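Have the sequence and the 3D view open side by side. This report walks through a few selected sites and one chain-to-chain contact.

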Amino acid sequence: MEVFQGKASFKGVAIGKIAEMKKADTVVRRTHVDDVDAEIARYHAGKEMAQKEIMELHDKALKEVGEAQAEIFEVHAMFLDDFDDSVENIIREQNVNAEYAVATTGDNTAAMLAAMDDNPYMQARQTDVKDVADRVIRDMNGGSGSGNNFTEQVILVSDDLAPSETVQLDKSKVLAFVTRGGSTNSHTAILARTMNIPALCQTPVPANVDGKMGIVDGFKGCIIVDPDEETLKKYEEQAAAEEEKKRLLRELKGKETVTKSGRKIKLYANIGGIGDLNFVLENDAAGIGLFRSEFLYLQSNDYPTEEEQFKAYRTVAEMMAGKEVVVRTLDIGADKQVGYFNLDHEDNPALGFRAIRICLTRPEIFKTQLRALYRASAFGNIDIMFPMITSVWEVQQAKKYCEEVKKELHDQNIPFKDVPLGIMIETPAAVMIADELAEEVDFFSIGTNDLTQYTEAIDRQNQKLEKFFNPHHPAILREIQMTIDAGHRHNTWVGICGELGADPTLTEQFVKMGIDELSMSPSSILPVRKIIREMD
Amino acid sequence: MTFTYIVNDPKGMHARPAGVMAATAKEFASDITVEYGGEKVDMKKILPLMGLPMKKGGTFTVTIEGEDAEAAEAAIRNALSDINF
């Protein structure tokens, strides 16, 4: 038994035979040709076929993993156009076969990319260039066939997987991905997340594991090769328990979230980026109750442009196909630092310059986001939610900016919808004045994490305070009840998007309290649906 | 004819803008080059374009020579602003 430690890019346990990914054989011989024109024509036929295949992969990826992942294939198709001059030149000048000319061009281009020490992005494109060159060579010789047709389910081990390879795999035969290179952001990791199977990257697996028994532990981030009986038994039990849980929950997919007496609850998902969308659909959320827009700001080196934000919001709106998507506007502050905001260091960031306070102080940032959101609203069912509200004037001010944005868009003839507006209830002040706030907005979403911290005056990161911290403190439950009642007096729906929303011991109580919506991480949705469906 | 353009994309040069630029340039017969930081490449080729180490705020120069230069200029400008590069 041997254990190899890597990085988990998606959790879960898989047990099965290990298969080493076979790379298509592209050993190229150099041969002499006399009819160079015929050879060039062969190249073009192969190239055309390759480009057609690549665009098919593009369409497949578009359906399976989304636009951002599919785009690379369009670029691949264009790489090939760049090959023409070099390939034709080599064939003509050296009287050689097209395969040799393509391989040489691919190698030269890869070498050029490898030399770009100051540009890791371009260095990483070597794989792409070699991938397309290999494809053309295969296509000149009667087409592909990667030889990866597994007859049983396997743990797939490889150095790294090109997007074209992952997209071609028969995914029903893959139990887990293990790569020696790659990163937690690679195509493979994203695919694994979509497929809900474990994946490891940067795992130093030796070359001789093909055909051996293996266990992938996506929780610990390791692969066990040739496990002993005891280990195997332990993991088999764990995998069976998880499978049973999954099976039970699959039965709940597509079912309504409704109590026996017929009360319907909106069961929504919290997401932190577009990458989570597949998980949302997989777990059958009825909508998105909290789309944290921070990721757009955290992942870039400068303020994200209106266009970048618009694209992200539009993608989510479209992928959710008319289901409600609540986007929370920028919620950063001294505790969630973003360098280019140049925020001052604060002694007490939880009570500091953050969220709506930044937005109302620097309206140019806020309005860029609002414009992107309103533009995206034309493509789906978007709601806008403001965080960290403590006063009515803040809501009125935020709404004023919304009106300005709507007028601008109207004057520019840009389509948008009249988006429902809501606020986070996450401060005791907001609970106290919930009646007044409810007159201003269409919905409330209770952020129990911050509400707990501000109500109990407890920093949840501080371990010394553990015995003083009570997540079910009666004060919190009363605040939730007060918020629900105030909302309902003014026709404002009320949800919970904090951690408490997914707490199975409270689900029944929340429903009885009159909650309209619960939003939680996608994996919690089906278990909570089960509880609600069993309620009277 | 020649015009300059200031990069607005926070990510600088990457696959997407290079793809759009090359695809647009290919629609025209004119010779079109892009010059950045002393390096000059054919705009109809995606790989050399991707290799230009453009950063946000940097300026590059597009030179167009040929009969359809005017139409090419308009199309390239439009394409660049469409993707907000």
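A:Asn95 is partly exposed, because 14 other C-beta atoms lie within 10 Å of its own, and a residue counts as partly exposed when that count falls between the exposed limit of 12 or fewer and the buried limit of 20 or more. The model is predicted. A:Asn95 sits in the loop between helix H2 (67-94) and helix H3 (98-114) of chain A. Its phi is positive, near 50°, and the residue is not a glycine.

A:Ala355 also deserves a look. Its phi is positive at about 50°, again in a residue that is not a glycine. Is A:Ala355 buried or exposed? A:Ala355 is buried, because 23 other C-beta atoms lie within 10 Å and the cut-off for buried is 20 or more. Find A:Ala355 in the loop between strand E11 (324-328) and helix H12 (356-361) of chain A.

A:Asp503 is a third loop site. It lies between strand E15 (493-496) and helix H19 (507-513) of chain A. A:Asp503 counts as partly exposed, because it has 19 C-beta neighbours inside 10 Å and buried would need 20 or more. Which separation is found between the C-alpha atoms of A:Asp503 and A:Val528? They are separated by 8.3 Å, with the two positions 25 residues apart along the chain.

The neighbour counts of the three sites are listed here.

| Residue | C-beta atoms within 10 Å | Class |
|---|---|---|
| A:Asn95 | 14 C-beta atoms | A:Asn95: partly exposed |
| A:Ala355 | 23 C-beta atoms | A:Ala355: buried |
| A:Asp503 | 19 C-beta atoms | A:Asp503: partly exposed |

Now the whole of chain A. It has 20 helices and 16 strands. Of its 536 residues, 43% count as buried. Among contacts with a separation of 6 or more in chain A, 67% come from residues 24 or more positions apart.

Next, the contact with chain B. How many residues does each chain bring? Chain A contributes 18 residues and chain B contributes 15 residues. On the side of chain A that touches chain B, H2 and helix H4 (120-123) are the elements that give two or more residues. H2(A) gives the most to that side, with seven residues. By class, the side of chain A that touches chain B has seven nonpolar, five polar and six charged residues.

H2 of chain A thus turns up twice. Helix H2 (67-94) borders the loop that holds A:Asn95, and H2(A) gives the most residues to the side of chain A that touches chain B.

Key
Residues numbered from 1 in each chain as written. Chains lettered and ligands numbered in written order. Predicted model: local features only at pLDDT ≥ 70, side-chain atom pairs only at ≥ 80, totals over all residues. Helix = DSSP H or I, 4+ residues; strand = E, 2+ residues; numbered from the N terminus. Contact = placed C-beta atoms within 7 Å. Nonpolar A, V, L, I, M, F, W, Y, C, P; charged D, E, K, R; others polar.
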